[in-house]
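Please examine the sequence and the structure shown below. The paragraphs that follow lead the reader through the model step by step.

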Amino acid sequence: MLDYAAVSQPGAVDLSVTLGALRLSNPILAASGTFGYGIEFADVVDLNRLGGIVVKGLSLEPMEGAPPPRLCETPSGMLNAVGLQNIGVRAFVVEKLPKLRQYRTPVIANVFGHTTDEYVEVIRVLEGAEGLAAYELNISCPNVKRGGLQYGSDPGLAGEVVEAARKVAKRPLWVKLSPNVTDITAIARAAESAGADALTVANTYPAMSVDFQTRKSRLGNPTGGLSGPAIRPITMKLVYEVSRAVRIPVIGLGGISSPEDILEYLVVGATAVQVGTAGFWDPKALQRLVEGLPKACSELKVIHINELRGSFNAENR
Ligand SMILES: Cc1cc2nc3c(=O)[nH]c(=O)nc-3n(C[C@H](O)[C@H](O)[C@H](O)COP(=O)(O)O)c2cc1C
């Protein structure tokens, strides 16, 4: 018999999780695009306490991004139109990665392109660099060679880009799905069959916010991506569906701001989570979550965080 009294101390909770070949000290990662290249936050949070850091999306060439304003607040959430601004993969390797290597936290490179070749080239450059734990493919991007059809909206295109990336990537390959699809499980299965090691669910939701007096968008672009607590219940359903459709681990993200939010994602099938928008109103959010998770687990008498994964009970009678 387990002595629950002895283990119900927060300090006794084992938070470690494994995502394929990768072991994380805890299941909480910084989400891409919301945490810079990680090092910018070194004075705000203890980077070594995080489960992992997913850096800003990297493209082959530097990108200037979208015109301002790039963010606007919405009820229980936020819209962004950053336009995937980034310094480009080569500058990342030279300027950012050496500093990130000083920390023991796994760093995951978020990768995107406008063609399949571009995705492949970005990974090729990163393959020559030390200090990365995995790649995360952002497939919520239009393929310019296919009339702008998003990779993440079509199982064939998603499979094509994951297969091509798989051929050059020696490190674990995660695929970040778009939530803006009719059946996310079809895309999830295509990514799994093409060699993905884990799936990140999900990106932001296309949305807009308009000032009726000026008749203008509140963003520099007409539309943007919705994130934050407003999307949590919608994304949670996607995590539930994807977890049941594939065998590879699922990383849930969308609107997490408390330890209890993390437990909910784990219960519906996530192995780990990422946190983005919460850091915009509480810059220390990631560290607060890492510190608060053991207590939330011990209150549930959970000894190992993995006990929660997929424990959802569909019979609600
Ligand atoms: C300002 C901002 C920039 C983002 N940039 C990226 C990006 O470069 N690549 C990517 O895959 N996701 C990007 N995202 C999406 C987030 O990683 C995350 O999927 C989304 O915000 C939902 O999580 P959250 O509600 O915790 O923020 C961005 C989100 C925000 C708010």
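Gly269, just after α7, takes a positive phi of about 130 degrees. This residue belongs to a predicted model. Helix α7 itself spans residues 259-267, and its buried residues are Pro259, Asp261, Ile262, Leu263, Tyr265 and Leu266. Against which elements do the buried residues of α7 pack? They pack against two helices, α6 (232-245) and α9 (285-299), and against the strands β3 (28-30), β17 (250-252) and β18 (272-275).

From this helix one may turn to the protein as a whole. Its secondary structure comes to nine helices and 18 strands. Along the principal axes, the C-alpha atoms fill a box of roughly 60 × 50 × 40 Å. The radius of gyration offers a further check on the overall form. A compact globule of 317 residues would have a radius of gyration near 20 Å, and because the protein has 19 Å, the two values agree. Buried residues make up 55% of the 317 residues. Among the contacts with a separation of 6 or more, 71% are between residues 24 or more positions apart. The protein exposes about 14200 Å², and 51% of this area is supplied by carbon and sulfur atoms.

The next topic is the loop residue Ser59. Ser59 lies between β4 (52-54) and β5 (71-74). Is Ser59 buried or exposed? Its relative accessibility is 1%, which is under the 20% limit, and therefore Ser59 counts as buried. The side chain of Ser59 has polar partners: it reaches the backbone oxygen of Glu61 at 2.7 Å, and a polar contact of 2.8 Å joins it to the side chain of Asn86. When neighbours within four places in sequence are left aside, Ser59 is in contact with Asn86, Gly88, Val89, Phe112 and Val122.

Phe112, one of these contacts of Ser59, is also a loop residue, found between β7 (107-111) and α3 (116-127). Phe112 counts as buried because its relative accessibility is 0%. With neighbours within four places in sequence again left aside, the residues in contact with Phe112 include Gly57, Leu58, Ser59, Met63 and Leu84. Asn86, Tyr119, Val122, Asn138 and Cys141 are also in contact with Phe112. Asn86 thus appears among the contacts of Ser59 and among those of Phe112. Ser76, by comparison, is 36 residues from Phe112 in sequence and 28 Å from it in space, C-alpha to C-alpha.

Gly57, a contact of Phe112, leads to the ligand. A backbone N or O atom of Gly57 lies 3.4 Å from an oxygen atom of the ligand. For Ala202, a backbone N or O atom lies 3.1 Å from a ligand oxygen atom, whereas Thr277 places a polar side-chain atom 2.6 Å from an oxygen atom of the ligand. How much of the ligand does the protein bury? Taken alone, the ligand exposes 610 Å², and the protein buries 97% of that. There are 26 residues around the ligand, and those that come nearest are Ser32, Lys176, Gly228, Gly255 and Thr277. The shell around the ligand divides into nine nonpolar, 15 polar and two charged residues.

Technical notes. Residues are numbered from 1 along each chain as its sequence is written. This is a predicted model: local features need pLDDT of at least 70, side-chain atom pairs count only at pLDDT 80 or more; totals for chains, interfaces and linings use all residues. Side-chain values use heavy atoms; hydrogens and water are left out. Helices (H or I, at least four residues) and strands (E, at least two) are DSSP runs, numbered from the N terminus. Buried means under 20% relative accessible area, exposed over 50%, partly exposed in between (1.4 Å probe, protein chains only). A polar contact is a pair of N or O atoms within 3.5 Å; within protein, one must be able to donate a hydrogen and the other to accept it, and residues adjacent in sequence count only if both atoms are side-chain atoms. Contact means heavy atoms within 4.5 Å. A residue is near a molecule or strand if one of its heavy atoms lies within 4 Å of it. Accessible areas come from the Shrake-Rupley method with a 1.4 Å probe; for residues, only the protein chains shown count as cover. Ala, Val, Leu, Ile, Met, Phe, Trp, Tyr, Cys and Pro count as nonpolar, Asp, Glu, Lys and Arg as charged, and the others, Gly among them, as polar. The radius of gyration is taken over C-alpha atoms; the globule rule is 2.2 Å times the number of residues to the power 0.38.
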